[in-house]
Amino acid sequence: MEAIQLEHVSKVYHIGAVETQALNDVSLSIAVGEFTALVGPSGSGKTTLLQLIGCLDKPDRGAVNFQGRDVTRLSANQRADLRRERIGFIFQFFALVPVLTAYENVELPLLLSGVKPTERRERVKQLLDAVGVANRADHRPNQMSGQQQRVAIARALAPRPVLVLADEPTANLDTANGQQAMEIMQRLNQETGTAFVFATHDPRVVSFAQRVVKMRDGRIDDNGAPGVN
Amino acid sequence: MSLSKLWTIAYRDLGRNRRRSIFTLLAVALGLALLMVMNGFIAGIMEDSLQNSIRLRTGHVQIRADSYEEETLSLQAKDLLTDPDALAARASALPEVQAAAPVVWASGILDTLDDSAGLQIYGIDTASPIYAPIRSALVGGTFLTPDDRNGILIGKSLADSMGIAVGQKVNLAIVNSDGRPDEGIFTIRGLFATGIPNYDQGAALMTLSKAQAFTGTTRHASAIFILLHNRDDSAKVAAALRSPDVSVLTWSDLNQVFVQAFQTSMSFYTILDFIVMLIVAVIIANTLLMSVFERIREMGILAALGMKGRQILQMFLLEAASLCVAGIVLGVALGSAGVGYLATAGFSIGDKMATVGGSSFALGTTLYARFVPGTFAVLALVLLLIVLLASLYPAWYAARLEPVEALRAE
């Protein structure tokens with residue numbers, strides 16, 4: 001079953017008078033439960049593709065279907081609703097809200113979704129436990145170092161999304177923390193059935209992926225699906 | 001998402017750059033304190049001046065002959081009340097009236113061997129409680145008794161400037177009701193110091209009967225001077241006393257120059273109030289805008305997590321409101337301290353400044369502020385409203401950021 005489907009998607013950025021073709025006629029399907037790596041050199045379009053998959057942006061051409069819904073027809077508020085309920089994000093720079101504790105950061109998407117307090121408490125504790133930072137629940141991001149990305153992983157999974165998108169999730173981590181973060185994501189992918197798509201340069205990260213989508217110059221060179229090229 | 005959680009984030013965001021938040025809070029607090037002191041001071045000056053004028057010069061209500069002209073202090077029979085005792089009795093019978101008494105006014109010149117001064121003569125009912133303020137302001141000699149035939153009271157500052165002492169005889173010259181000059185020898189019976197230089201330097205009081213005899217206005221009076229228990233009843237009392245051939249004037253008619261000056265100065269103060277509020281609002285808007293620019297990527301993250309523009313807008317407005325409310329609390333404390341100090345210690349302006357406004361202004365030599373809670377509450381609320389309006393732009397800017405653009409920010 002497809003979580004998301006992109007059909008002949010193109011995206012052009014205009015920076016001043018310069019036009020940059022970030023994506024050029026890209027088609028890609030991500031199935032529920034997949035653990036997929038997007039690889040390619042800088043400027044190949046990985047981040048733009050993640051943003052379209054994550055409904056953060058709309059393509060200039062082509063269609064994006066999220067579980068059968070045409071995302072390009074949704075308003076900004078409807079896309080915000082979709083992200084809140086179905087999609088988790090993990091960023092390279094951790095992206096925790098600095099004034100909130102680890103617990104509150106994980107709780108935030110649940111508050112936005114209106115999850116009841118008892119269930120909220122249970123889910124946050126369970127997730128902090130699952131990523132191994134239960135003992136740092138009351139710490140703010142600046143009081144944690146390599147563990148920030150674990151909190152970000154817990155936050156991404158809090159709303160029980162269909163899909164988690166991670167942009168260079170290990171780029172700012174040392175080898176040991178990077179390895180642990182990938183192991184946690186892999187384990188949670190298997191336990192929860194949530195699909196993970198992560199953009200990366202790091203060959204060690206790619207080794208975790210079930211499927212590797214290769215990109216170059218805004219196109220998909222190899223979509224990594226068996227029998228499809 | 002509940003407003004309380006948004007408020008938690010907003011409140012903690014204020015702690016990110018404590019120094020900036022504290023300075024902004026101080027700007028609000030000092031702005032409000034300044035507004036309170038300014039408005040408390042002008043309210044105090046105006047109210048005290050009005051009360052002084054009512055107590056010493058005009059009363060709350062006056063009955064006069066239709067043709068009476070205050071500027072000339074006319075003593076001609078046609079301009080005077082013919083049966084003042086009956087009119088005073090009628091006024092006294094009203095429950096709203098505290099006291100009513102006839103009065104004769106005349107202009108005169110006080111002479112000693114060395115000096116002379118122009119002043120206004122007040123022929124008064126010495127037994128009336130209307131003159132309690134003069135009794136309590138006596139600083140030398142005694143008050144007039146009803147049978148005192150040649151005693152007068154003058155202000156101590158006038159006496160000092162002319163070298164006159166209690167018991168001394170002085171010459172008083174007038175133009176009587178027939179239009180002829182006349183003069184008499186009077187004894188200084190007592191000296192008063194009301195603290196109102198215009199009055200202390202320009203009034204001489206004698207008994208009503210003596211004034212009537214001296215000016216040739218026997219049994220007539222310039223006006224019935226009426227004090228009320230509550231000044232808000234003046235229109236009602238005036239309506240009850242209205243009758244043919246007399247005009248009944250209220251304190252606002254009698255202090256028209258003052259009331260107009262008060263309204264003009266209040267308009268001026270309203271402009272000043274808005275300028276101060278706008279300065280505070282610009283400071284808050286600037287703080288918030290800086291805060292937005294520093295947190296653009298964070299806004300992108302919150303948007304990625306599904307926070308809607310409306311919620312981001314609320315969060316920034318809550319941040320501004322928290323800062324403003326905290327500033328208002330501190331400002332009320334600072335402002336109250338300032339107004340409290342000026343209400344007790346006052347601000348001395350000296351005799352010369354106090355007479356600058358002329359006889360229409362019964363300014364004291366020390367001006368006092370006054371607590372005006374209603375005005376202070378309105379100022380605080382308007383300040384909060386203006387700050388929130390000024391915060392709308394930065395909040396709106398944050399709310400309309402595209403998530404993709406925001407995430408790309410450094």
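What share of the contacts in chain A with a separation of 6 or more comes from residues 24 or more positions apart? In this predicted model, such residues account for 70% of those contacts. The secondary structure of chain A consists of seven helices and 10 strands.

The overall dimensions of chain A were computed next. Its C-alpha trace spans about 45 × 40 × 40 Å along the principal axes. A compact globule of 229 residues would have a radius of gyration near 17 Å. The value for chain A is 17 Å, so the two agree.

Burial and surface were also examined. Of the 229 residues in chain A, 57% count as buried. The chain exposes about 9900 Å². Carbon and sulfur atoms supply 45% of that area. Chain A carries 26 positive and 25 negative charges. The mean positions of these two sets lie 4 Å apart.

In chain B, one residue was followed in detail. Asn39(B) sits in helix H2, which covers residues 18–58. Its relative accessible area is 4%. Buried means under 20%, so Asn39(B) is buried. Two polar partners of Asn39(B) can be described. The side chain of Asn39(B) reaches the backbone oxygen of Leu35(B) at 2.7 Å. A polar contact of 3.0 Å also joins the side chains of Asn39(B) and Asp273(B). Asp273(B) appears again among the contacts of Asn39(B) beyond its neighbours within four places in sequence. Met266(B) and Tyr269(B) are also in contact with Asn39(B). So are Val372(B), Thr375(B) and Leu379(B).

Technical notes
Residues numbered from 1 in each chain as written. Chains lettered and ligands numbered in written order. Predicted model: local features only at pLDDT ≥ 70, side-chain atom pairs only at ≥ 80, totals over all residues. Heavy atoms only, no water. Helix = DSSP H or I, 4+ residues; strand = E, 2+ residues; numbered from the N terminus. Rg over C-alpha atoms; globule rule 2.2 N^0.38 Å. Buried < 20%, exposed > 50% of the residue type's maximum accessible area, 1.4 Å probe, protein only. Contact = heavy atoms within 4.5 Å. Areas by Shrake-Rupley, 256 points an atom, 1.4 Å probe, with all protein chains shown as cover. Lys, Arg positive; Asp, Glu negative; His and termini not counted. Charge placed at Lys NZ, Arg CZ, Asp CG, Glu CD. Polar contact = N/O pair within 3.5 Å; in protein donor to acceptor, adjacent residues only side chain to side chain.
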